[in-house]
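Reader: Please present the model, then explain what surrounds its ligand and how one of its strands is placed.

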Amino acid sequence: MLDSLSTRLQSIFDRLGGRGRLTEENIQEALREVRVALLEADVNFKVVRAFIDRVREKAVGQDVLRSLTPAQHVVKVVHDELVELLGGSGHRLTPAPHPPTVIMLIGLQGSGKTTTAAKLARWYTKQGQHPLLAAADTNRPAAQDQLQTLGGELGVPVVGGPGQTPLAICRQAREDAAARGLTPLILDTAGRLHIDEALLAELAAIRKEVLPHHVLLVLDAMTGQDAVTVADRFNKAVGVDAVILTKLDGDARGGAALSVRSVTGRPIAFAGIGEKTDALEPFHPDRLASRILGMGDVLSLVERAQEGVDQTKAEELVRKLREDAFTLDDFRDQLRQVRQLGPLDQVLGMLPFGKMLRAAPKDLTAESTDLGRFEAIIGSMTPDERRSPEVINGSRRARIARGSGTTVQDVNRLLKQYAQMRKMLKQLKGMEGKLRLPIPRG
Ligand SMILES: Nc1nc2c(ncn2[C@@H]2O[C@H](COP(=O)(O)OP(=O)(O)O)[C@@H](O)[C@H]2O)c(=O)[nH]1
Ligand SMILES: [Mg+2]
């Protein structure tokens with residue numbers, strides 16, 4: 001997520017932190033580099049200018065230079081201004097006083113509306129609600145089928161079929177939702193490759209008649225600066241209450257994410273971070289700012305962990321890491337849990353040291369595919385071997401391989417990866433004290 005911008009900024013601040021004493025000129029120079037990094041990330045130039053001005057005002061003062069850790073101070077100022085730029089405290093969709101809450105998704109073709117409609121349905125289902133999806137994209141024949149399929153997978157009802165106009169589908173859907181006690185109602189509308197007046201008129205008519213509580217513009221983060229122009233047009237013609245940024249998992253340069261709030265004045269409500277229906281997150285400006293600056297997004301990870309991972313196990317793991325008592329049993333649990341959290345790459349991106357881990361030995365990141373084999377291997381070890389893997393000599397390896405239907409090479413590979421993981425965890429522990437807290441929080 002915004003990887004290249006993130007790498008650039010982190011290297012600028014690493015260099016700044018690496019100089020002993022800072023002069024005002026050092027800071028000015030770093031800010032010039034930040035400016036270039038933002039422009040190259042396709043952030044709107046006016047936004048960049050205002051951003052750098054604000055940071056400069058706060059970061060280039062005697063107070064900063066005299067503080068013990070001027071570089072950290074500068075990072076903190078940049079972090080805080082990034083949070084502001086991304087929308088401050090974030091934006092939540094308030095439920096309507098009388099259900100159904102109606103959410104209308106609009107945006108260009110391919111921006112991710114239909115996928116996002118399904119993601120939202122899943123998200124609200126997880127919150128204990130019973131949503132209804134309306135397939136109001138009659139432009140492409142396959143669009144309604146696409147939503148029907150996704151709704152079917154999620155167990156969420158979908159209304160709207162061929163032969164009805166978009167307006168009729170939305171109107172009918174609203175009545176259905178009220179009658180069946182379903183909320184929120186999520187309207188998936190048609191898009192075009194480019195904005196055209198007919199589309200805007202159709203959407204404006206739906207808005208006027210169906211009166212959605214939240215009109216959400218679905219924006220593809222990969223479109224960079226253009227996204228901002230698109231947002232402006234939709235906002236003027238239809239009215240936009242908030243934005244959902246999709247495809248933040250891709251190598252989006254970040255321009256849209258960082259500009260859209262300040263150019264349109266509309267907050268970002270959710271972020272799409274993958275193609276599957278679970279890849280949607282409420283947008284938290286402070287978390288993304290921390291991620292961009294390499295401070296990790298431990299909070300999002302914890303939230304996911306709470307969804308998928310056994311809490312007591314997680315706590316036990318932390319204790320074991322502290323006591324350096326990480327056994328093969330723990331290794332197996334760990335592999336299982338990591339797999340539940342999502343693709344390893346996404347998970348690592350949320351950790352403060354995720355970037356470093358991503359550079360870790362290749363075969364370690366291939367672990368999820370080996371999971372079944374690993375489970376079998378660990379399963380045919382004795383409890384003793386699992387607790388103290390150093391007792392596993394050559395003949396034991398052969399026995400374990402036979403017992404698990406694998407080869408001695410597989411057993412060796414597992415033991416090697418376990419050793420690597422232990423080593424990495426130890427390093428992490430050692431680094432944490434030094435690197436984890438560059439910024440005083442709050
Ligand atoms: N990687 C990624 N792909 C996405 C995301 N959201 C949507 N997509 C993909 O973008 C393409 C267009 O999505 P779709 O929902 O059909 O767009 P629509 O035309 O606006 O309805 C599909 O291939 C989706 O799988 C996202 O957050 N991340
Ligand atoms: Mg669609």
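**Ligand contacts and a central question of burial**

Author: A backbone N or O atom of Gly-272 lies 3.3 Å from an oxygen atom of ligand 1, a polar contact being a pair of N or O atoms within 3.5 Å. Taken alone, ligand 1 exposes 580 Å², of which the protein buries 80% (Shrake-Rupley areas, 1.4 Å probe). This is a predicted model, in which local features need pLDDT of at least 70 and side-chain atom pairs count only at pLDDT 80 or more, while totals for chains, interfaces and linings use all residues. Residues are numbered from 1 along each chain as written, chains are lettered from A and ligands numbered from 1 in written order, and side-chain values use heavy atoms, without hydrogens and water.

Reader: Which helix gives the largest share of the shell around ligand 1?

Author: The shell holds 16 residues, each with a heavy atom within 4 Å. A polar backbone atom of Lys-113 is 2.7 Å from an oxygen atom of ligand 1. The largest share, four residues, comes from helix H6 (residues 113-126), helices being DSSP runs (H or I) of at least four residues and strands (E) of at least two.

Reader: Why is strand E2 largely enclosed by the rest of the structure?

Author: Side chains in a regular strand alternate between the two faces of the sheet. Leu-132, Ala-134 and Ala-136 point one way from E2, and Leu-133 and Ala-135 the other way. E2 is largely enclosed because, of its five residues, those that are buried (under 20% relative accessible area, 1.4 Å probe, protein chains only) number five.

Technical notes:
Buried means under 20% relative accessible area, exposed over 50%, partly exposed in between (1.4 Å probe, protein chains only). A polar contact is a pair of N or O atoms within 3.5 Å; within protein, one must be able to donate a hydrogen and the other to accept it, and residues adjacent in sequence count only if both atoms are side-chain atoms.
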